[in-house]
Structure formats: C-alpha cells, structure tokens
Amino acid sequence: MNSKIPGLHHVTAIASDPQRNLDFYVGLLGLRFVKRTVNFDDPGTYHFYFGDRRGTPGTILTFFPWPGARRGIRGTGQVEATAFAIPPNSIGFWLDRLKQQHVTAEKTPTRFGEEVIRLIDPDGLLIELIASSSHGQVDLWPDSPAPAEHALHGFHSVSAALEGYERTARLLTESFGYRLIDESGNRFRFASSDDSASGRIVDLLCLPDTGVGRVAAGSVHHIAFRAKDEAEQLKWREQLVDLGYNVTPVIDRTYFHSIYFREPGGVLFEIATEPPGFTLDEKLEELGTHLCLPPLMESARLQIEEILPPIRVPTKS
C-alpha cells in the first residue's frame, strides 16, 4: 500500500460535567463548539466536538461527558498528553490567561527546541500548548473568546505512554509512513511526511516502571488518524488485518467513517475518513447550535432531549 497517514484526525477523551467541559474548551481555550450530538452507543449522554471554524481534521478534540464519572488513572497503554500548537509569541499570554482563571499550569523545560505549557483541565486531562512556528493550516474561528493572534492552531502532537515503544514504533514507521525525527531520554518523536498536516507528530514515552492506566474521566479514550476517503480506509483495514491486528468493521459515525484497533502498546487507535465532515447536517455558521442526531435516533428526539442536561455555550465577551 502506497498511502501514508498524514496525521491525526481527532482525539476523543472522557469528561464528567458537560457545562464545565464547554466552559473550559470554548470559554477559556477558545475552540469552536463544532458539533453537539450524543454518544451513539449511549444516547442519553452528549458527545461534544471542539475544533477550528469548520472542524478541520487535525483540530478536533471530542468528549463523552458522563456526569459523575469516576476519575481515570494515568499509566501505560494510554495517551498521556494532548498538545495544541500556539504561535511562538503566545507563551506569556497563555500563562497569564490560565493564571487568571485559576487553572493549574506550568511552563516546562524546552522540548526539542520548543516552549511548552502543561495544564490540567477540570477533569484532570493533561493538555499541552506548544509554541511552534510550523503548524498545520487551520480555519481560525473569528468569534473565539481567545484573541486570533494567540489562538490554538490545531493539534501539535500526542504523547503515548507505553511499557516499551519498539513495536508501536514499527507500526508507525513501517505501516503508517512516519519516521523517527528526534529522541531525548525516554521520549521518541515520530512525524508523518506531510509537513502541512496538523497533528503530524506522535511522541512515544517508554515507561516500563509505570503501572497500567485506567481510562475514565480525565483520560483519552482513543486517538484517530486520517484517511482521505472510504476506499483508502478499506485498504488500511485490509493491511492491518494482514499484519495480525483485530480491526473492527467500518462504523458509520455520521461525520466520518471509522475503524478501530489496539496498537501493540494498548492504546486504542482509529482511522477515520475526512469526509463527509460537520457541515453534513448544519450550515457552517450554525455549527454546534443544534442537537444533531443520526437518522435512526430522530424518532426518539423528544425522549433524548428530556434526558440530556441543559447547556449554555460560552460566547465572546
């Protein structure tokens, strides 16, 4: 197969309180609320999508907010940190903004020549803001509560915590087309060949003395990589099955189609198609303003709306 993975499509995590989740990622970090829908396997629960103006693949952070969900445990077999790219001159702005909002955050030592802020969201999810002069092309949301000159520019990278990194590295390099571009101590950095893609970097952290993590609130559930269309996705599925992975059938997620499998270190990987995208059932200017349900659930809309807690989307002040 000649195709290569250009980068991340989305990252999906678990939260607890839906309003608190909205306030943090829209009101504080300034992402657009791209889609409000439900967990297709648990329609009494929201599924939130945050991203740039149109939900461009490589900018999309999604959440299942389960009220009262227990807190996860960090460890191996999961994504330790999800990083967004910010402009190189924005470190001071974000440190001040986070301090004003009483968010636990710190500037860490420079990583591979780039400045890094580490912060914790309300559920304990580890987020990083990395000052980078090279980031993917994104469609900035003009109504963001964060000023455009300091806005998040899609994903920079994800860091996966693994007991050992070699087999995961082999999947990235021999199958996905990534290459090892840097390493420092127990951190190994891999990047796709597409310099223009958001989320083209995956860091593998070798942590043999760390216990296995437990995915719950404040944890990443899975990370999704991009396929340009359904035909390419099916080729990926065939190749992964040939390599011995247990891969799900193609699942229709309305805004993209998905296949899932566990990589050798235990992290749940997804390959998601770029089309049809989030304007399938809403106009671009109206994204996130309606509760969108898949056709099979429309007949139960009233019951679903009665179960879901009310929410208010933060606006630009």
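Colleague: Among contacts in the chain between residues at least 6 apart in sequence, what share joins residues at least 24 apart?

Modeller: That share is 68%. Bear in mind as we go that this is a predicted model.

Colleague: Fine. How many helices and strands should I be looking for?

Modeller: Five helices and 16 strands. The radius of gyration is 19 Å, and the globule rule gives 20 Å for 317 residues, so the chain is as compact as a globular protein of that length. Along the principal axes, the C-alpha atoms fill a box of roughly 50 × 45 × 35 Å.

Colleague: And what about burial and surface? What percentage of the residues is buried?

Modeller: Buried residues are 56% of the 317. As for the outside, the accessible surface comes to about 13800 Å², with 48% of that belonging to carbon and sulfur atoms.

Colleague: Let's do the sheets. How do I read one, and what is the strand order in the one that contains β6?

Modeller: The general idea: strands of a sheet pair through backbone hydrogen bonds, either parallel or antiparallel. Here, the order is β6-β7-β8-β5-β9-β12-β11-β10, an open sheet of eight strands with mixed pairing. The edges are β6 (105-111) and β10 (179-184), each of which pairs on one side only. On average, neighbouring strands in this sheet are turned by 25° against each other, ignoring direction.

Colleague: Can you show me one pair up close? In which sense do β7 and β8 pair?

Modeller: Antiparallel, over five bridges, with β7 covering residues 114-120 and β8 residues 126-131. To find the register, look at Ile-117, which stands opposite Leu-129 in β8.

Colleague: Which strands does helix α2 lie across?

Modeller: Helix α2 (residues 91-100) lies across β5 (78-86), β6, β7 and β8, and it runs at about 15° to β7. Helix α3 also packs on the sheet, where it touches β9, β10, β11 and β12, and its direction makes about 160° with that of β12.

Colleague: Which residues of α3 are buried, and what covers them?

Modeller: In α3 (residues 166-175), the buried ones are Thr-168, Ala-169, Leu-171, Leu-172 and Ser-175. Their cover includes β9 (155-162), β11 (187-191) and β12 (201-206), along with α4 (230-242), β15 (257-262) and β16 (268-273). After the helix, check Gly-177: its phi is positive, near 85°.

Colleague: You mentioned β15 and β16. What is the strand order of the sheet they belong to?

Modeller: That one reads β2-β3-β4-β1-β13-β16-β15-β14, an open sheet of eight strands with mixed pairing. At its edges are β2 (32-39) and β14 (251-252); each has a single partner strand, so one side of each is left without a neighbour in the sheet. β14 and β15 pair in the antiparallel sense over two bridges, and Asp-252 stands opposite His-257 in β15. Helix α1 (residues 18-28) lies across β1 (8-15), β2, β3 (42-51) and β4 (60-65), at about 5° to β3.

Colleague: On to the interior. How many residues are in the largest nonpolar core, and which have the most contacts inside it?

Modeller: The background: in soluble globular proteins, nonpolar side chains tend to be buried together. In this model the largest nonpolar core has 68 residues, and those with the most contacts inside it are Tyr-25 and Phe-176. Helix α1 contributes the largest share, five residues. Leaving out residues up to four places away in sequence, Tyr-25 touches Gly-30, Leu-31, Phe-50, Leu-61, Phe-63, Asp-121, Leu-125 and Ile-127. Another core, of 11 residues, lies apart from that one, and Tyr-49, Tyr-255, Phe-256 and Cys-292 are among its members.

Colleague: What about loops? Is His-150 buried or exposed?

Modeller: His-150 is found in the loop between β8 and β9. Its relative accessible area is 13%, and the cut-off for buried is under 20%, so His-150 counts as buried. Beyond its neighbours within four places in sequence, His-150 is in contact with Pro-87, Asn-89, Ser-90, Phe-93 and Trp-94.

Colleague: And which residues does Ala-197 touch?

Modeller: Ala-197 is in the loop between β11 and β12 and is buried, at 7% relative accessible area. Not counting residues up to four places away in sequence, Ala-197 touches Pro-6, Gly-136 and Arg-226.

Conventions. Residues are numbered from 1 along each chain as its sequence is written. This is a predicted model: local features need pLDDT of at least 70, side-chain atom pairs count only at pLDDT 80 or more; totals for chains, interfaces and linings use all residues. Side-chain values use heavy atoms; hydrogens and water are left out. Buried means under 20% relative accessible area, exposed over 50%, partly exposed in between (1.4 Å probe, protein chains only). Helices (H or I, at least four residues) and strands (E, at least two) are DSSP runs, numbered from the N terminus. Contact means heavy atoms within 4.5 Å. Two strands pair if DSSP finds at least two bridges between them. Axes are lines fitted to C-alpha atoms, for helices over the stretch in contact, and angles run from 0 to 180 degrees between N-to-C directions. The radius of gyration is taken over C-alpha atoms; the globule rule is 2.2 Å times the number of residues to the power 0.38. Accessible areas come from the Shrake-Rupley method with a 1.4 Å probe; for residues, only the protein chains shown count as cover. A nonpolar core is a set of buried Ala, Val, Leu, Ile, Met, Phe, Trp, Tyr and Cys residues joined through side-chain atoms within 4.5 Å.
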